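Got the structure open in your viewer? Here's a short walk through it, stop by stop, with a selection to make at each one.

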Amino acid sequence: MNAPAKSSQLDRVQALCKHGSIRTAVEAGILPQFADLTLNEALVLGLVEQGIRKFVGIFGHGSTDLGEILRAYQPAGIETFAVHHETLAAHAATTLYWQYGETAAVFTSIGPGGMHAIAGSLTALSNGAGVYYLLGDETTHDEGPNMQQIPRREQGLYLKLTSVLGPSYSIHTPESINTALRRGINAVRNPVWPSPFYLLLPMNAQPQIIHDCNLLAFPQPCETEMQPCVGAATLAQVINSIEKYDRIVIKIGGGAKGITQELVELAELIDAVVVSGPQVPGVFPHSHPRHMSVGGSKGSICGNYAMAEAELAILIGARAVCQWDSSGVAWKNVKQFVNFNTNPEDAMHYNRTLPVVGDAQSNLQLLLEELKSAGTDKTNATPSPWLNECTTKRSEWNEYCQQRFTNDRLFDETFQTEVLTQPAAIRIISEFATRIDAAKYFDAGDVQANGFQIVEDERPNRTFTDTGASYMGFAASSLLASGMADNPEYAIALCGDGSFLMNPQILIDAVEHRVHGMIVILDNRRMGAITGLQEAQYGHEFATNDSVVVDYVTLCNSVTGVRAFPGGTHRETLIEALEKAHQHQGLSVVHLPVYFGPHEMGNLGAWGQWNVGNWCQEVQKEHQRLGL
């Protein structure tokens, strides 16, 4: 008996065009179940079966075969976004997942390209974003040193490196592709904490033929329905704590996204105030009278007051990163913690904790039902003393901020003229973004810190900022996500001059991939956040500024397709520049000199402690005293 005919690559491309899935084509009898195909073709088809059709990165000698497969499958809707820096690719893929819910694959060559992408993956690791990393690697025959490998006579060094960071796999044997793809699904689609997945592709393995590859064996994604995991005994303890204490704060992190309704209902029912982490503006509406803005090492008057004075802290969806809780010492008077988290380690981060492990939304719904059944209702016709105290502090914070927004210009020594302050400029840009319903990306440093103190979002996913890795260059790079997304949104990236220069390649890549968005460069010719720390801790600044004058408007306008505008030195000139920039149907840039100096109106200040520099000993001593 003759063996059944096998499909060609062209057959598979055409079947994918028609049916959208290799599995569907095989089940419909269009393709035979078994095929001879290369490792890279199997990889691409396997990723397509997971719904991944977008690839972003830079080809090199470690990935030429992958490039050929992606070229061949272009007619089937596989999109390849070639960029000018692997770190930019990593940030764009992270934001594509974070903002749009789409999973992409970052591809690189061997060596430095892979290292750039690995470094950029810190943002995805820190913020729970599922991204595939397809990294070229040295050959498996070990015939001699491969150019750009780690120059040591040892096996699997890149695998060791990536395995320290997260789930990793090296396809040493092409037939292991399905195991690799299964582990990839478990990482990038993890319902508790999605993660990057590092897939190492030895150069000689990529074009190897897998004979009789089973096209129905590619792992298929499945939806994991998160369930409440809390028992009646734990709920009873939580309710007992709520009834016992009157000064209650709810502190929310990234895991609280999507549960606004439950948060509002709980806060009102138990007479709590809500403090946001820096990553989640809008999850609890800013205008709600129980919202006390942001809290932590930067924080706010009202947010930090609520954290310091509360007796019961209910934490929802947070990892307690150092600046989120002032390295643990923000909780000066908390007698009891209740911690909602899907990760048991995060749920038990503090002493004196009732961990509520499982899906936060489901568990909060159960808690609300039990509170109502128990008759627990602390709402009153008149505000409680606790709410009055916190409301007074919020009024102080609003007045404090408004003074700085009103006194919006100061004389700057660097520019030798009066310029807008950074808080005033960010407020103007944020209000403009709200008016045009644009998403906002904040880069690291002072721009980030002032940003999460200033934004007044009424709904989530209007502001994105990497508060885990705090990666310089994240904001501008993230604009590429709108050039990749199925349903893109207009976005404004706010970054300092230093952060912009980390990834200026976006000027080219945004034009190439038809991004419609804006970069605002807030230029104080220094690393303002670090200069501020130096002066606060040691009384001197050192090596955090420069004397080089850069004409950013001319620089950006030199790229065909980019329109750059000077923001001037007044509120009116900035608004005019923003309007002009928004009208450009492509990437636009606004350059704005901003004040840096000792004047109190030039910054929003810090309201908490932080375990950094010469403050460490004091903060650690306080942490020991609090027993957290």
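Start with strand β11, residues 291-294: three residues of this strand line the largest cavity, the biggest share of that lining. This is a predicted model, by the way, so you're looking at computed coordinates throughout. To find the middle of the cavity, select S276, P281, H291, F452 and V455, which lie nearest its centre among 13 lining residues. The volume is about 90 Å³. Colour the lining by residue class and you'll get five nonpolar, six polar and two charged residues.

Next, the second largest cavity. Select L315, I316, G317, A318, R319, A320, W324, N339, D346 and Y350, which line it. This one holds about 40 Å³, and its lining splits into six nonpolar, two polar and two charged residues. How many cavities of 30 Å³ or more are there? The count is three.

Now for a pocket. Pick E138, T139, E154, Q155 and G156: these lie nearest the centre of the second largest pocket, which has 18 lining residues. There's about 370 Å³ of space in there. The lining has eight polar, six charged and four nonpolar residues.

Move on to helix α10, residues 260-270, and show its side chains. Which of its residues are buried? They are E262, L263, V264, L266, A267, L269 and I270. Turn on the surroundings and see what these buried residues pack against: helices α9 (232-244) and α13 (360-374), plus strands β9 (248-252), β10 (272-276) and β12 (312-316). Just after α10 comes D271, with a positive phi, near 60°, so put it on your Ramachandran plot if you like. Strand β13, residues 336-341, is the next selection, and Q336 is the residue to zoom in on there. Q336 is buried, at 17% relative accessible area. A polar atom of its side chain sits 2.7 Å from the backbone oxygen of R352. Expand the selection to its contacts, leaving out neighbours within four places in sequence, and you'll pick up S241, Y245, E311, L312, A313, R352, T353 and L354.

For a second polar side chain, go to S482 in helix α18, residues 480-484. Is S482 buried or exposed? Buried, with a relative accessible area of 7%. Draw a distance from its side chain to the backbone oxygen of L479 and you should read 2.8 Å. Setting aside residues up to four places away in sequence, S482 touches Y100, P488, E489, V515 and H516.

Last stop: the cysteines. How many disulfides does a search of the whole structure find? Zero. Select C390 and C302 to see one case: the closest cysteine sulfur to that of C390 belongs to C302, and at 8.5 Å it is too far away for a bond. C401 is in no disulfide either, and its nearest cysteine sulfur, again that of C302, is 8.1 Å away. Check the surface for both: C390 counts as buried at 0% relative accessibility, and C401 is buried with a relative accessible area of 7%.

Technical notes:
Residues are numbered from 1 along each chain as its sequence is written. This is a predicted model: local features need pLDDT of at least 70, side-chain atom pairs count only at pLDDT 80 or more; totals for chains, interfaces and linings use all residues. Side-chain values use heavy atoms; hydrogens and water are left out. Buried means under 20% relative accessible area, exposed over 50%, partly exposed in between (1.4 Å probe, protein chains only). Helices (H or I, at least four residues) and strands (E, at least two) are DSSP runs, numbered from the N terminus. Contact means heavy atoms within 4.5 Å. A disulfide is a pair of cysteine sulfur atoms within 2.5 Å. A polar contact is a pair of N or O atoms within 3.5 Å; within protein, one must be able to donate a hydrogen and the other to accept it, and residues adjacent in sequence count only if both atoms are side-chain atoms. On a 1 Å grid over the protein atoms alone, a cavity is a set of points where a 1.4 Å probe fits but cannot get out, and a pocket is an open set with protein on both sides within 12 Å along at least five of seven lines; lining residues have an atom within 4 Å of a point. Grid points are joined across faces, edges and corners, and a volume is the space filled by probe spheres set on the points. Ala, Val, Leu, Ile, Met, Phe, Trp, Tyr, Cys and Pro count as nonpolar, Asp, Glu, Lys and Arg as charged, and the others, Gly among them, as polar.
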